[in-house]
Amino acid sequence: MKKILVLGAGLVAGAHTRYLLDQPDFHVTVASRTLSKAQAIVKGHPNGEACQLNVKDEAALADLVRQSDLAVSLLPYAYHPLVARLCIEHGKHMVTTSYVQEQMAQLDEAAKEAGVILLNEIGVDPGIDHMAAMKIIHHVQRENGEIISFLSWCGGLPAPEANTNPLGYKFSWAPKGVLLASKNSARYLKADEEVIVPGEELFDHIWSVPVEVEGEAGETSVIDFEGYPNRDSIPYMETYGITSARDMFRGTLRNVGWCQTLRKIADLGLLDEEAREGVPSDDLNGMTFAQFTASLIGGDSALKDDLRKDLAAYLNVEQDSLVMGNLEWLGFLGDDLLPLKEGAPIDVLTARMLEKMQYEEGERDMLILQHEFIAKYPNREEKITATMVDFGIPHGDTSMSRTVGLPAAIGVRMILEGKINLTGVRTPVVPEIYEPVLEELEQLDIRLVEKWETL
């Protein structure tokens with residue numbers, strides 16, 4: 001029986017673990033800092049085990065890795081290199097859904113020497129986006145064509161009927177990760193020109209992105225989302241083998257209003273991981289949200305109307321603006337006590353958003369992925385659009401859990417069954433990986449609809 005170690009029991013671990021437990025001859029250990037979370041995922045399955053682990057206890061982590069055939073890291077990305085090094089040391093394979101960071105990339109040769117694969121970026125974004133892109137790119141190249149433009153959008157959002165708060169967002173994966181991503185710088189290629197976007201200017205680069213979405217009753221409508229750049233797109237030209245493209249862009253989708261609000265939230269300092277001078281962090285006991293907000297703008301406004309006026313002036317917005325309405329809805333002008341005894345501004349914001357922006361029981365989330373290609377052939381050009389709109393299952397798995405967890409689980413199964421015979425640091429951009437994974441995802445009702453048009 002093959003032994004699998006799943007590290008982490010967060011919002012995307014459920015579908016992943018259940019898929020593995022449904023396979024014959026797999027034993028799955030879920031390790032989490034909070035034992036009850038691991039137990040809730042395993043649910044007493046005869047081939048499952050839950051254990052408590054503080055990942056900072058390297059000896060305990062190493063022992064669990066040593067006892068396994070493969071380790072899946074669903075931990076925060078900062079821990080992946082540690083898990084990878086232990087996997088190499090003990091000759092074990094590893095799978096993660098996160099981007100390949102520099103520390104991970106540097107382990108390529110060591111992994112090859114150890115004869116193990118460190119398979120990264122096999123979730124949804126990154127993951128399904130790569131695999132769906134490579135399927136089309138390789139097809140175009142086989143037909144003697146080349147990709148001259150590639151634009152990609154992805155976003156995890158509430159389904160239309162669950163879009164019930166003014167920020168247009170609810171959390172289906174790590175909340176702090178969502179917020180920290182709002183500080184990322186970005187880079188992309190537009191008409192052969194490199195565009196660099198500093199993190200503080202991220203939400204100044206926004207596009208309207210229309211997508212056809214099916215409603216709960218089966219009716220379809222076109223919804224305009226807003227999109228902004230996602231990290232550094234340009235290295236994927238080499239990864240995808242489309243180095244002659246004039247456009248290369250990967251972006252994130254949100255409901256309209258999110259970008260404007262998050263830009264001002266960043267300006268206010270609520271995304272800061274360390275408190276600015278004059279902003280308390282060590283002792284938040286007894287402090288109200290209004291008092292905390294006043295400290296962020298360097299004021300001491302005692303009255304709500306004064307605070308609204310001062311905050312609007314600080315953010316350079318109107319008092320009745322969308323941004324002010326959203327901050328007020330979150331409670332940052334109110335008299336509720338802060339939910340933390342200590343913490344940085346981003347911790348306060350995360351806690352408040354978790355409280356106010358959770359999915360209600362039975363609500364669906366939605367995952368949208370859309371690729372747009374322009375392909376050039378000797379005698380014509382084609383526009384190719386590939387779109388996935390996937391919904392969570394009411395009272396079941398979220399779309400985020402399925403689309404992140406299931407590709408990784410399929411990858412785990414293929415590695416342990418000897419169907420992926422690669423070593424080193426890898427991503428799913430080769431046919432040996434993406435073809436069978438995409439095929440099985442279709443059987444699990446996760447698919448992209450392609451549209452090909454001659455220009």
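Rings of Phe, Tyr and Trp (its six-membered ring) count as a pair if their centres lie within 6.5 Å. With that in hand, welcome to these close-ups of a predicted model.

**View 1. Ring pairs link four aromatic residues into a cluster.** The members to look for here are F150, Y236, Y240 and F373. Y240 also appears in View 3, as one of the residues of the largest nonpolar core that touch the most other members. Across the whole structure, a search finds 12 aromatic pairs.

**View 2. W207 and F249 meet edge-to-face.** A pair of aromatic rings is described by the distance of the centres and the angle of the planes. For W207 and F249, the centres are 5.1 Å apart and the planes make an angle of 70°, which is over the 60 degrees needed for edge-to-face. W207 belongs to strand β10 (residues 207–214) and F249 to strand β12 (residues 247–254), so this pair ties together parts that are 42 residues apart in sequence. Is each partner buried or partly exposed? W207 is partly exposed, at a relative accessible area of 28%, whereas F249 is buried, at 5%.

**View 3. The largest nonpolar core has 71 residues.** Touching the most other members are I4, L20, V95 and Y240. Helix α15 (residues 399–416) supplies the largest share of this core, 10 residues. Which residues surround V95, once its neighbours within four places in sequence are set aside? V95 is in contact with L70, A71, V72, S73, L119, I122, A408, V412 and I415. A second, separate core holds 58 residues, including V178, V213, Y228 and C259.

**View 4. Strands β2 and β3 run parallel.** Five bridges join β2 (residues 26–32) to β3 (residues 48–52). Within this pairing, A31 stands opposite C51 of β3. To get from β2 to β3 the chain passes through helix α2 (residues 35–42), and the β-α-β crossover it makes is right-handed.

**View 5. Helix α10 spans residues 258–268.** Its buried residues are W258, C259, T261, L262, K264, I265 and L268. D267, also in helix α10, is partly exposed, with a relative accessible area of 30%. Not counting neighbours within four places in sequence, D267 is in contact with R276, Y314 and L315. Between D267 and N255 there are 20 Å, C-alpha to C-alpha, for a sequence separation of 12 residues. Just after the helix, G269 takes a positive phi of about 100°.

**View 6. Two charged ends sit over aromatic rings.** The charged end of K356 sits over the ring of W329, at 4.5 Å from the ring centre. For R364, the partner is the ring of F391, and the charged end is 4.1 Å from that centre.

**View 7. G14 sits in helix α1 (residues 13–21).** Is G14 buried or exposed? G14 is buried, with a relative accessible area of 12%. Leaving out residues up to four places away in sequence, G14 touches I41 and S401. For a wider frame, R352 is 338 residues from G14 in sequence and 25 Å away in space, C-alpha to C-alpha.

Key: Residues are numbered from 1 along each chain as its sequence is written. This is a predicted model: local features need pLDDT of at least 70, side-chain atom pairs count only at pLDDT 80 or more; totals for chains, interfaces and linings use all residues. Side-chain values use heavy atoms; hydrogens and water are left out. Buried means under 20% relative accessible area, exposed over 50%, partly exposed in between (1.4 Å probe, protein chains only). Helices (H or I, at least four residues) and strands (E, at least two) are DSSP runs, numbered from the N terminus. Two strands pair if DSSP finds at least two bridges between them. A crossover is right-handed if, with the strands pointing away from the viewer, the path from the first strand over the helix to the second runs clockwise. A nonpolar core is a set of buried Ala, Val, Leu, Ile, Met, Phe, Trp, Tyr and Cys residues joined through side-chain atoms within 4.5 Å. Contact means heavy atoms within 4.5 Å. Rings of Phe, Tyr and Trp (its six-membered ring) pair if their centres lie within 6.5 Å; planes under 30 degrees apart count as stacked, over 60 as edge-to-face and the rest as tilted. A charge sits over a ring if NZ of Lys or CZ of Arg is within 6 Å of the ring centre and within 35 degrees of the ring normal.
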